[in-house]
Amino acid sequence: MQTTSIQALLFDVGGVILRTEDPAPREALAREYGMTRAELEKLVFASPAALAAERGEVDEPAVWDAIARTLRLSPPQLSAFREQFWAGDRVDTALLTFLAEARPRVRTGLLSNAWTRDLRALLCAYGAPADLLDRAVEVWLTSSMLGARKPDPRAFAAALEHLGVSAHQTVFVDDFVENVEGARRAGLVGVHFQNTAQTLDTLRRLLENRWSR
């Protein structure tokens with residue numbers, strides 16, 4: 001593919017724009033409930049209720065209700081559990097700034113497997129500046145809105161339709177290899193997020209020829 005054909009940047013949110021930078025709160029929470037951090041995250045993100053919420057079949061409270069039943073948590077305990085589970089998460093403003101700077105030249109969007117339908121409000125809740133979000137992102141999409149989770153090709157097709165671009169014109173960034181591979185099968189240019197510096201270097205190289213014209 002010619003780098004000069006790139007017309008859009010599409011980013012994942014969880015694990016990319018919003019990441020668990022401080023693992024201590026989740027590790028402590030896992031120990032409190034007699035499990036590993038991996039088991040804790042599986043309970044939250046991979047339960048039948050969580051996956052149904054990502055497809056838009058149930059709402060977010062159903063996910064927390066399922067967790068409360070599994071761990072036998074009272075309402076105050078569930079509230080404390082939720083607060084501690086997310087306590088180590090941080091917004092990557094460097095990636096948002098890159099999108100804001102790129103946006104005059106390319107379309108920009110977020111595509112997340114998420115329970116929420118309001119990614120902007122979610123990121124604002126974690127301290128992302130509202131003005132930066134508005135400059136950085138044109139299209140906000142979640143699996144719960146679309147009824148399809150990445151790497152389902154329907155999720156990528158919907159994102160391309162909203163962006164108004166072709167697959168081969170779009171760069172997709174995600175931290176899960178299976179989602180990157182799914183994007184590539186759908187014809188997008190897939191970039192596997194490993195860290196901010198690596199991702200920004202890859203994106204700048206992909207876009208360098210186009211921007212230099």
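Me: How do β1 and β6 pair, parallel or antiparallel?
Reply: β1 and β6 pair in the parallel sense over four bridges, where pairing requires that DSSP finds at least two bridges between two strands. F11 stands opposite V173 in β6. Strands (E, at least two residues) and helices (H or I, at least four) are DSSP runs, numbered from the N terminus. This is a predicted model, in which local features need pLDDT of at least 70 and side-chain atom pairs count only at pLDDT 80 or more, while totals for chains, interfaces and linings use all residues. Residues are numbered from 1 along each chain as its sequence is written, and side-chain values use heavy atoms, with hydrogens and water left out.

Me: And what is the bridge partner of V173 in β7?
Reply: That partner is V191. β6 and β7 also pair in the parallel sense, over four bridges. Between β6 and β7 the chain passes through helix α11 (residues 177-185), and this β-α-β crossover is right-handed; that is, with the strands pointing away from the viewer, the path from the first strand over the helix to the second runs clockwise.

Me: How many residues of β6 are buried?
Reply: Five of its five residues are buried, meaning under 20% relative accessible area, with exposed over 50% and partly exposed in between (1.4 Å probe, protein chains only). In a regular strand the side chains alternate between the two faces of the sheet. In β6, T170, F172 and D174 lie on one side and V171 and V173 on the other, and both faces are covered.

Me: Moving to the interior, how many residues has the largest nonpolar core?
Reply: The largest nonpolar core has 33 residues, and those with the most contacts inside it include L9, F11, L123 and V171. Such a core is a set of buried Ala, Val, Leu, Ile, Met, Phe, Trp, Tyr and Cys residues joined through side-chain atoms within 4.5 Å. Among the elements that each supply at least two of its residues are β1 (8-11), α6 (93-102), β6 (170-174) and α12 (196-212). The largest share, six residues, comes from α6.

Me: Which residues does L123 touch?
Reply: Not counting residues up to four places away in sequence, L123 touches V13, I17, L18, V91, L110, A128, L133 and W140, contact being heavy atoms within 4.5 Å. A second, separate core of 18 residues includes L40, W64, I67 and L71.

Me: How many aromatic pairs are there?
Reply: The count comes to 11 aromatic pairs. Rings of Phe, Tyr and Trp (its six-membered ring) pair if their centres lie within 6.5 Å; planes under 30 degrees apart count as stacked, over 60 as edge-to-face and the rest as tilted. F45 and W115 form a tilted pair, 6.4 Å centre to centre with 40 degrees between the planes. F45 lies in helix α2 (residues 37-45) and W115 in the loop between β4 (107-112) and α7, so the pair ties together parts that are 70 residues apart in sequence.

Me: Are those two buried or exposed?
Reply: F45 is partly exposed at 33% relative accessibility, whereas W115 is buried at 11%. W64 and F81 form an edge-to-face pair, 6.4 Å centre to centre with 70 degrees between the planes, and both W64 and F81 are buried.

Me: Which residues do ring pairs link into a cluster?
Reply: The cluster consists of Y33, F45, W64, F81, F85, W86 and W115. The charged end of R26 sits over the ring of F85, 3.9 Å from its centre; the criterion is NZ of Lys or CZ of Arg within 6 Å of the ring centre and within 35 degrees of the ring normal.
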